[in-house]
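Welcome, and please take a moment to turn the model around before reading on. We will start at a single residue and work outwards from there.

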Amino acid sequence: MRHPQLSISRQCQLLNLNRGSLYYHPHPSKPECNIELMKLIDRKWIECPFYGSRRITEWLNRQKPPLNVSRKRICRLMNVMGIEAIYPKKKRLSTPGQESGNIKFPYLLRNLSVDRANYVWSADITYIPMKKGFLYLVAIIDWYSRYVLSWEVSLTLEKYFCITALEKALNSSSPNQPEIFNTDQGSQFTTPSFFKILLDRGIAISMDGRGRVFDNIFIERLWRSLKYEEVYLKDYTNVKEAIVGIDRYLTFYNTERLHQALGYRSPLEVHFGLRKGGN
């Protein structure tokens, strides 16, 4: 129906068509455009995790040249990425119903002094951008030592890669296991097939309360380090390259990267009680 001179209404008149029966079919956005947008969103969110969809949309539209994106589109992409702004939210006066068998557990770390390895473990998921696509990465760390116990990647946010990471962490650390396991309230962690593994071993489950800003701060710092020191520098071209790069960095993170908060020791040294230098 495109014509350089005639309007849509005039074309309908000439063809004896009802104008009201003519609908516009929107053109779907190109996948590569969404990938580039998601990369920008990821970088800004890592830099400013308190930015929600409104601020990120405004920031994108202030770029030169402006990207002219809608908040609805940014909300959709942030949902695909599994991220939201980190800030205190309003208290909820009613308890939501448990849907699809998913169960939420109380937060157990309030005023708790974590003073030894294998006292509290924590799990979280992050988005890993690539040149043509993206991955999700789940990691399990020890709160006290910052030691990465296990990790897995997936092309989707299905629960199975989280379960694999949990089983790997428990099996590789045997006979040691945590007294408390902390996560957010994501569906991957509230499914019975995930938390039953913990309950069967007598491990207490703790879940971040909505509005608690710093509940998962240690693993959020891991994501920031991983992305600035590895992911953004390498710009992986495919899944295999991403897995190799992440494995190399997390090995370095565990065994060589010195942490000021740990007295300039590596997570491995602290987790296994080694002296500086690994002796």
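Does Arg146 count as buried or exposed? Arg146 counts as buried, because its relative accessibility is 13%; buried here means under 20% relative accessible area, exposed means over 50%, and partly exposed lies in between, with a 1.4 Å probe and protein chains only. You will find Arg146 in the loop that links strand E2 (133-142) to strand E3 (148-154). Helices (H or I, at least four residues) and strands (E, at least two) are DSSP runs, numbered from the N terminus. The backbone deserves a look here too, since Arg146 is not a glycine and yet has a positive phi, near 65°.

Before going further, a word on the model itself. It is a predicted model, in which local features need pLDDT of at least 70 and side-chain atom pairs count only at pLDDT 80 or more, while totals for chains, interfaces and linings use all residues. Residues are numbered from 1 along each chain as its sequence is written, and side-chain values use heavy atoms, with hydrogens and water left out.

Now step back to the whole chain. The protein chain holds ten helices and five strands, and 43% of its 279 residues count as buried. Its accessible surface comes to about 16500 Å², with 52% belonging to carbon and sulfur atoms; such areas come from the Shrake-Rupley method with a 1.4 Å probe, and for residues only the protein chains shown count as cover. Among contacts in the chain with a separation of 6 or more, 61% join residues 24 or more positions apart, where contact means heavy atoms within 4.5 Å.

Asn118 makes a good companion to the opening residue. Asn118 sits in the loop between H4 and strand E1 (120-130), and its phi is positive, about 60°, although Asn118 is not a glycine. Because its relative accessibility is 13%, Asn118 counts as buried.

Let us follow H4 to its partner. Helix H3 (residues 53-61) packs against helix H4 (residues 71-81) at an angle of about 115°, and their axes are 9 Å apart. Axes are lines fitted to C-alpha atoms, for helices over the stretch in contact, and angles run from 0 to 180 degrees between N-to-C directions. H3 and H4 make a right-handed crossing; a crossing is right-handed if the near helix is turned clockwise from the far one by less than a right angle, and left-handed if anticlockwise. On the H3 side, Ser53, Arg54, Ile56, Thr57 and Leu60 meet Arg71, Ile74, Cys75 and Met78 of H4. The loop between H3 and H4 contains Pro65, and the peptide bond from Lys64 to Pro65 is cis, with omega near -5°.

A second cis bond runs from Ser174 to Pro175, with omega near 10°. Pro175 lies in the loop between helix H5 (160-173) and strand E4 (180-183). Further along the chain, Thr191 occupies the loop between helix H6 (187-190) and helix H7 (192-200). Beyond its neighbours within four places in sequence, Thr191 is in contact with Asn102 and Lys159.

Finally, look at helix H8 (residues 217-234) and helix H9 (residues 239-255), which pack at an angle of about 135° with their axes 10 Å apart. H8 passes H9 in a right-handed crossing. Residues that meet in this pairing include Leu222 and Leu226 in H8 and Ile246 and Tyr249 in H9.
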